[in-house]
Amino acid sequence: AEQLTAYRLIAPDLVGHGFSSKPSFADRPTSERYSPDMQTEYLIKFIDALQLDQFVLVGNSLGGGLALRLYLHHPDLIPKIRGIVLISAAGYPQDLPGHIRELGGWQGRLMTSAPIRTFAQWSGLLRFSAQKTMQHCFHDRNNIPCELMAHALAALETDGIFQAYHLSARNIVPDDIAYFHLHFAKIACPTLILWGQQDRVLDSAAARRFAADIPDSAMHLFNGCGHAPHLEYPQETARHIEAWLTNSL
């Protein structure tokens with residue numbers, strides 16, 4: 001097997017996602033709960049708690065958008081950030097994917113009801129919905145790791161996750177989305193842009209926009225790949241990131 005250089009990798013679950021805690025944030029306005037700016041607040045606390053310095057931000061989808069917000073909205077972090085890796089990242093105005101609209105709408109609100117959630121689990125509807133969402137994110141459903149589906153279903157059983165997902169989807173579009181991309185030219189650190197050419201969540205045309213807007217950037221498009229290159233082609237993604245780290249930082 002090919003050997004890749006060893007790096008320290010820290011991969012937190014966002015607040016309200018995966019196996020992180022899922023507080024109600026009842027003391028905050030509804031529009032702020034699990035919003036991108038609230039998530040960046042917690043990521044800053046995470047960075048401070050671990051005393052991280054001279055690190056590379058890597059983010060897929062919403063995570064890529066959060067990496068951009070960390071850099072552009074918190075200039076005190078810039079001396080610590082050596083580079084950014086954007087994997088099918090959010091950042092430009094766009095229509096929300098259907099499953100995000102549903103999560104943020106009445107369907108997602110229904111799932112916060114315990115009886116509805118119990119029925120969805122008992123009937124297999126929850127598993128079916130999770131499978132359809134995952135298939136939408138992959139170009140080839142045969143590339144979906146079995147353990148990824150098991151991990152996702154286990155996370156869906158954690159307390160408070162549907163309330164967190166509903167609020168996250170409802171508040172996923174930042175107030176400044178119409179002009180946020182106008183600041184990408186201020187990104188001064190090396191940036192790697194990775195995208196699947198068959199991405200059905202965020203169109204791969206956005207990769208070229210990022211490459212044009214961010215001065216010190218490199219781009220690679222994966223053929224036969226959907227919204228999560230790091231999951232659909234993990235070894236290839238790792239090799240591209242390793243080569244970029246070696247040559248650019």
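Me: Which residues does Thr237 touch, not counting residues up to four places away in sequence?
Reply: In this predicted model, Thr237 has its place in helix α12, which spans residues 234-248. Leaving out residues up to four places away in sequence, the residues that Thr237 touches are Leu194, Phe222, Pro229 and His230.

Me: Is Thr237 buried or exposed?
Reply: The relative accessible area of Thr237 is 2%. Because buried means under 20% relative accessible area, a residue with this value, Thr237, is classed as buried.

Me: Which residue has its backbone oxygen 2.8 Å from a polar atom of the side chain of Thr237?
Reply: The side chain of Thr237 offers a polar atom, and the distance from that atom to the backbone oxygen in question is 2.8 Å. The backbone oxygen belongs to Tyr233.

Me: Which helix gives the largest share of the largest nonpolar core?
Reply: The largest nonpolar core holds 46 residues, and Ile187 is one of those with the most contacts inside it. Six residues of this core, its largest share, come from residues 62-73, that is, from helix α2.

Me: How many residues are in the other core, which has Leu194 and Trp244 among them?
Reply: This core lies apart from the largest one, and Val85 and Cys225 are also among its residues. The number of residues in this other core is nine.

Me: How many charged residues are in the lining of the largest cavity?
Reply: About 40 Å³ of space lies in the largest cavity, and its lining includes His17, Tyr34, Gln39 and Leu62. By class, the lining has four nonpolar and four polar residues, while the number of charged residues is none.

Technical notes
Residues numbered from 1 in each chain as written. Predicted model: local features only at pLDDT ≥ 70, side-chain atom pairs only at ≥ 80, totals over all residues. Heavy atoms only, no water. Helix = DSSP H or I, 4+ residues; strand = E, 2+ residues; numbered from the N terminus. Buried < 20%, exposed > 50% of the residue type's maximum accessible area, 1.4 Å probe, protein only. Polar contact = N/O pair within 3.5 Å; in protein donor to acceptor, adjacent residues only side chain to side chain. Contact = heavy atoms within 4.5 Å. Core = buried A, V, L, I, M, F, W, Y, C linked by side-chain atoms within 4.5 Å. 1 Å grid on protein atoms, 1.4 Å probe; cavity = no way out; pocket = protein on both sides within 12 Å on 5 of 7 lines; lining within 4 Å. Points joined across faces, edges and corners; volume = space filled by probe spheres on them. Nonpolar A, V, L, I, M, F, W, Y, C, P; charged D, E, K, R; others polar.
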